[in-house]
Each structure stands twice: as structure tokens, then as C-alpha cells.
Amino acid sequence: MNLFTERVIRIITEIPSGRVMTYGQVAAAAGSPRGARQVVRILHSMSQKYELPWHRIINAQGGISTPEKAESKGSNQKDLLETEGVIFTPNGKVDFAIYRWFPQDAEEG
């Protein structure tokens, strides 16, 4: 496993319940500011094996990103976040000022 992948897994596992990060934010914190798509791939292929809290990763607009064929997964993600106390705005977004989490040792601050 490469260093970037190890960092992404560590960062995602450290996100506290009721908090979120974006794909790009995770990538930047892991050392690759342009690696958001790689974060998606890691989540897709390793969430189950490493028991990653995949539902705590959202898009840069504060919403849930799911393909049309996987709408039920988006609904599940929203339900999981709401169970942790995350409240969505009427337009389906998460307020980053309240719920965004920043790792202590992240490269981005």
C-alpha cells in the first residue's frame, strides 16, 4: 500500500462521529491536493476492508455525491450522518462552519 493510501485511510478513520470532510480536503491532508478522485477510489475499494466511516466524506458543495443508479446509497449516507447528529439544510447541504472537521496534523491547516 502506498503512503498516500495509508494517510487517506488514517485520516478517514479519525473523523469523529457527527463531523465531515470533503474528498478534496482528505486528499490535501494526505499530501495530494489534486487527489480527490483517488480518495473516491480508496473509499470504493477499501471502505469495507478497513471499516472506514465512508459516510463522513461529502462533496465540496456540502452535499452527498452518488451516481443516479445508487440513489439509495445517498439516502443511506444522509441517514447515517443524521443519526450522528448532522443536520442538513433545506437544500440538502451540510453547514461546513458547524460540521467540517480538520485533522490536527493535516498539511492544510
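How are α1 and α3 oriented to each other? Let's work towards that with the model in view. This is a predicted model, in which local features need pLDDT of at least 70 and side-chain atom pairs count only at pLDDT 80 or more, while totals for chains, interfaces and linings use all residues. Residues are numbered from 1 along each chain as its sequence is written, and side-chain values use heavy atoms, with hydrogens and water left out.

Start with the overall layout. The protein has five helices and two strands, taken as DSSP runs numbered from the N terminus (H or I of at least four residues for helices, E of at least two for strands). Read from the N terminus, the order is α-β-α-α-β-α-α. Of the 109 residues, 39% are buried, meaning under 20% relative accessible area with a 1.4 Å probe and protein chains only.

Now to the helix pair. The axes of α1 and α3 come within 11 Å and cross at roughly 70 degrees; axes here are lines fitted to C-alpha atoms, for helices over the stretch in contact, with angles running from 0 to 180 degrees between N-to-C directions. The two helices are therefore roughly perpendicular to each other, a label that covers 65 to 115 degrees. Where they meet, F4, T5, V8, I9 and I12 of α1 face Q38, V39, I42, L43 and M46 of α3, with contact defined as heavy atoms within 4.5 Å.

Both helices also feed the largest nonpolar core, a group of 18 residues in which V8, V26, V39 and I57 have the most contacts. Such a core is a set of buried Ala, Val, Leu, Ile, Met, Phe, Trp, Tyr and Cys residues joined through side-chain atoms within 4.5 Å. Two or more residues come from each of α1 (3–14), α2 (23–29) and α3 (36–46), and α1 gives the most, with five. Look at V26 too: leaving out residues up to four places away in sequence, V26 touches V8, I11, I12, M21, V39 and I57. Another core lies apart from this one, with eight residues, including L81, F88, V94 and Y99.

F88 has a further partner, as the charged end of K78 sits over its ring, 5.2 Å from the centre. By this criterion, NZ of Lys or CZ of Arg is within 6 Å of the ring centre and within 35 degrees of the ring normal. R100 likewise places its charged end over the ring of F96, 4.0 Å from the centre.

Finally, visit G63, in the loop between β2 (57–58) and α4 (71–83). G63 counts as buried because its relative accessibility is 3%. Beyond its neighbours within four places in sequence, G63 contacts I58, G92 and K93.

Terms used. Buried < 20%, exposed > 50% of the residue type's maximum accessible area, 1.4 Å probe, protein only. Parallel < 35°, antiparallel > 145°, perpendicular 65-115°, else oblique.
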